[in-house]
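Student: Could you walk me through this complex and show me how each label is earned?

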Amino acid sequence: MVEKTITVVNPSGIHARPATMLTEFAKSYAGMVEVIKGEKIGNLKSILMILTMGLKRGTEITLRVTGENEQEFLDSLVRFILDMED
Amino acid sequence: MLKELLEKNRVEFYDSFDNWQDAIRSCCHSLIADGSITEKYAEAIIDNVLEYGPYIVITDDLAIPHTKVNAQGVRSNGISFTKVAKPVEFEPGNPKKSARLIFTLAANDMDGHYDNMERLSEMLLNEEALRGLQEADDLASVKLLSKRLGI
């Protein structure tokens, strides 16, 4: 299991369209992909779960990846989120 | 949330639509009726789908038409629910982009938009609620569901 904490930086945050893309990206990985905000932990492969978490701009989130080549996927996930546009 | 939508007359049923544009216009109907939005908002949603694709179908059988925060035609935050018996094809030929459950979201600020999405997705994560809405075919069945689940 590997983790990294980042801040959501795109101006509109992870609303429906970015969340759809993020879910698809997470589904491309066979292992477990989770997002943690405060005490709440969500499966990043579930768009409804992402949308319940209110990931606005400036929100600090921890990404947790468990599975094969987990560090490599975590790095690409971090890049994906930081590069996300509105 | 269902209770609130029922109290505000924001739950409607339709058999089918000729196309997704007509579906969006009708889904906006109850929000237009109570003054939350104007017809311009429906057209703004349609333009948004034409520009970005049918991403508003966020998962199987579920669409959340909306567009930018504070878009033209939005007067106040609001949600409506429309159930269509025949799935609306937001990308004709692609069943993954078809939906019978349609929640239209309107917001005049970012917090309002996130609040709408959080409340809606909380409700829909409840599998019993989601299944109940998929099976509902009239207002009475939605009222029963709302009462039974306390939602």
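Tutor: Here is a conversation about labels and the values behind them.

Tutor: Residues are numbered from 1 along each chain as its sequence is written, while chains are lettered from A and ligands numbered from 1 in the order in which they are written. This is a predicted model, where local features need pLDDT of at least 70, side-chain atom pairs count only at pLDDT 80 or more, and totals for chains, interfaces and linings use all residues.

Student: How do you know what confidence the predictor has in chain B?

Tutor: Look at pLDDT, the predictor's confidence in each residue, from 0 to 100. Chain B has a mean pLDDT of 96, and 100% of its residues reach 70 or more. For the complex, the predictor gives an ipTM of 0.89 and a pTM of 0.95.

Student: What makes up the secondary structure of chain A?

Tutor: Chain A has three helices and four strands. Helices (H or I, at least four residues) and strands (E, at least two) are DSSP runs, numbered from the N terminus. Along the sequence, the pattern of chain A is β-α-β-β-α-β-α.

Student: Why is chain A called as compact as a globular protein of that length?

Tutor: Set its radius of gyration, taken over C-alpha atoms, against the globule rule, which is 2.2 Å times the number of residues to the power 0.38. For 86 residues the rule gives 12 Å and chain A has 11 Å, which is close, so the label fits. The C-alpha atoms of chain A fill a box of roughly 30 × 25 × 20 Å, taken along the principal axes.

Student: And how do you know whether chain B agrees with a compact globule?

Tutor: With 151 residues, such a globule would have a radius of gyration near 15 Å; chain B has 14 Å, which agrees. Chain B holds seven helices and five strands, and its C-alpha box is roughly 40 × 35 × 25 Å along the principal axes.

Student: How do you know that S2(A) and S4(A) pair?

Tutor: Two strands pair if DSSP finds at least two bridges between them. S2(A) and S4(A), residues 60-66, have five bridges and run antiparallel, so they pass the cut-off. S2(A) also runs antiparallel to S3(A), residues 40-43, with four bridges. A:Ile36 takes part on both sides: its bridge partner in S4(A) is A:Thr62, and in S3(A) it stands opposite A:Ile41. The hairpin of S2(A) and S3(A) has two residues between the strands, and there A:Gly38 takes a positive phi near 60°.

Student: What makes the span of helix H1 in chain A agree with expectation?

Tutor: The expected span of a helix is 1.5 Å times one less than its number of residues. The twelve residues of H1(A), 16-27, should span 16 Å, and the end C-alpha atoms are 16 Å apart, which agrees.

Student: Why is B:Asn48 called partly exposed?

Tutor: A residue is buried if 20 or more other C-beta atoms lie within 10 Å of its own, exposed if 12 or fewer, and partly exposed in between, with C-beta atoms placed from the backbone. B:Asn48 has 19 other C-beta atoms within 10 Å, so it is partly exposed. B:Asn48 sits in helix H4 of chain B, residues 39-52.

Student: Which residues of H5(B) are buried, and what makes them line one face?

Tutor: The buried ones are B:His113, B:Tyr114, B:Asn116, B:Met117, B:Leu120, B:Ser121 and B:Leu124. Seen down the axis of H5(B), they fall within an arc of 155°, so they line one face of the helix. That arc is the one of the directions from the helix axis to the C-beta atoms. Their cover includes H1 and H2 of chain A, together with elements of chain B such as strand S4 (78-89) and helix H6 (127-135).

Student: What makes a residue of chain A count as in contact with chain B?

Tutor: Two residues are in contact if their C-beta atoms, placed from the backbone, lie within 7 Å. Eleven residues of chain A are in contact with 15 residues of chain B. H1 and H2 of chain A are the elements that give two or more residues to that side of chain A. The largest share, five residues, comes from H2(A).
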